Amino acid sequence: MLGKFFRKPEAELSDRVPPGQHLAKGFPVLTYGETPNISQDKWQLKVWGLAKPITFNWLDLMAMPQNHFKADFHCVTRWSKLDVQWTGVKVIDLMAHVELDPKAIHIMEHCYGGYTTNISLSDFLREENFFAHTLFDEPLPYNHGGPVRLVVPHLYAWKSAKWINGLEFLDNEELGFWERNGYHKRGEPWSEERYGSI
Ligand SMILES: Nc1nc2c(c(=O)[nH]1)N[C@H]1C(S)=C(S)[C@@H](COP(=O)(O)O)O[C@H]1N2
Ligand SMILES: [Mo]
C-alpha cells in the first residue's frame with residue numbers, strides 16, 4: 001500500500017536497520033542541555049593525555065584531505081536515519097598528525113557544553129569515522145553539532161560527539177556522560193548494546 005509518504009518496504013531495508021530501530025522522518029535533533037554557538041574561527045580541537053599535546057583549528061582541518069561520506073545513523077532511543085550525507089575529514093587523516101603514547105588504548109571525547117563520551121582506540125581509528133563540518137551540502141547546523149562533530153557510524157549515535165573540542169587519550173576505560181548514566185560502554189547497535197550492566 002502506498003501512503004502519501006512513500007517508504008520502502010521494511011524487508012528491503014532490514015539488513016540496514018538494526019534490531020529494535022525504526023526509520024525516522026527527517027533528521028531529529030538529540031541534545032542533552034544547551035546548544036553551544038561556536039563559530040568556525042573560534043573552534044578548536046585539543047589533544048591531551050597519552051599523546052603529544054596539539055591543537056587543531058578550522059584552517060588546520062580545511063587543509064586536510066576532504067571527503068564525502070554517506071553513513072547510517074542509529075540513535076539508542078530507537079530511531080535510525082539511513083544515508084546521511086556529510087563532508088569532512090577522516091579520523092585517520094587527522095590522527096596522522098597526532099603522536100600517540102603506545103599506552104593509549106581509550107579516548108574520552110570532549111565537547112563544548114561539557115558533554116563527554118568514551119570510545120576505545122580501535123573503535124575510534126576506523127577508516128569510516130570522520131569529523132564532519134558539512135551536512136547535505138550545507139555547513140553543519142549548530143543543532144546537529146556545527147561547526148564540527150565526530151561521526152562514528154558503527155556505534156550508536158551518542159558516540160558521535162557534537163561540537164567536539166577535545167580528545168583525551170587514556171590507558172584505561174573511563175566512562176562518559178551517558179555511559180555513567182546507564183548506557184553501554186561500547187554501544188554497538190547490531191548487538192543492541194543499549195544499556196550497561198549496573
Ligand atoms: N555534545 C553532544 N554530542 C551529542 C549529544 C549531546 O547531547 N551533546 N547527543 C548524542 C546523541 S544521544 C545522539 S542520538 C546524536 C544526535 O545527533 P543529531 O542531534 O545530529 O541527530 O548526537 C550525540 N552527540
Ligand atoms: Mo541518541
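An oxygen atom of ligand 1 lies 2.7 Å from an N or O atom in the side chain of Arg 149. The model is predicted. Backbone atoms also take part: a polar backbone atom of Tyr 32 is 2.7 Å from an oxygen atom of ligand 1, and for a polar backbone atom of Leu 30 the distance to a ligand oxygen is 2.8 Å. On its own, ligand 1 has 530 Å² of accessible area, and the protein covers 99% of this.

**Ligand site**

- Ligand 1 is located in the largest pocket.
- The surroundings of ligand 1 comprise 20 residues, of which Pro 28, Tyr 32, His 144, Arg 149 and Lys 162 come nearest.
- Sorted by class, this shell holds 14 nonpolar residues, together with four polar and two charged ones.
- Tyr 32 and Arg 149 are thus named twice, being among the nearest residues and each having a polar atom 2.7 Å from a ligand oxygen, in the backbone for Tyr 32 and in the side chain for Arg 149.

**Overall fold and dimensions**

- The protein contains five helices and 11 strands.
- Its radius of gyration is 17 Å, which agrees with the value near 16 Å that a compact globule of 198 residues would have.
- Taken along the principal axes, the box filled by the C-alpha atoms is roughly 60 × 40 × 30 Å.

**Backbone geometry in loops**

- The peptide bond between Gly 146 and Pro 147 is cis, with omega at about 10 degrees.
- Pro 147 belongs to the loop that runs between β9 (138-139) and β10 (149-151).
- Arg 78 is not a glycine, yet its phi is positive, at about 90 degrees.
- The loop holding Arg 78 connects β4 (67-74) and β5 (79-90).

Key. Residues numbered from 1 in each chain as written. Chains lettered and ligands numbered in written order. Predicted model: local features only at pLDDT ≥ 70, side-chain atom pairs only at ≥ 80, totals over all residues. Heavy atoms only, no water. Near = heavy atom within 4 Å. Polar contact = N/O pair within 3.5 Å; in protein donor to acceptor, adjacent residues only side chain to side chain. Areas by Shrake-Rupley, 256 points an atom, 1.4 Å probe, with all protein chains shown as cover. 1 Å grid on protein atoms, 1.4 Å probe; cavity = no way out; pocket = protein on both sides within 12 Å on 5 of 7 lines; lining within 4 Å. Sits in = over half its atoms within 2 Å of the grid points. Nonpolar A, V, L, I, M, F, W, Y, C, P; charged D, E, K, R; others polar. Helix = DSSP H or I, 4+ residues; strand = E, 2+ residues; numbered from the N terminus. Rg over C-alpha atoms; globule rule 2.2 N^0.38 Å.
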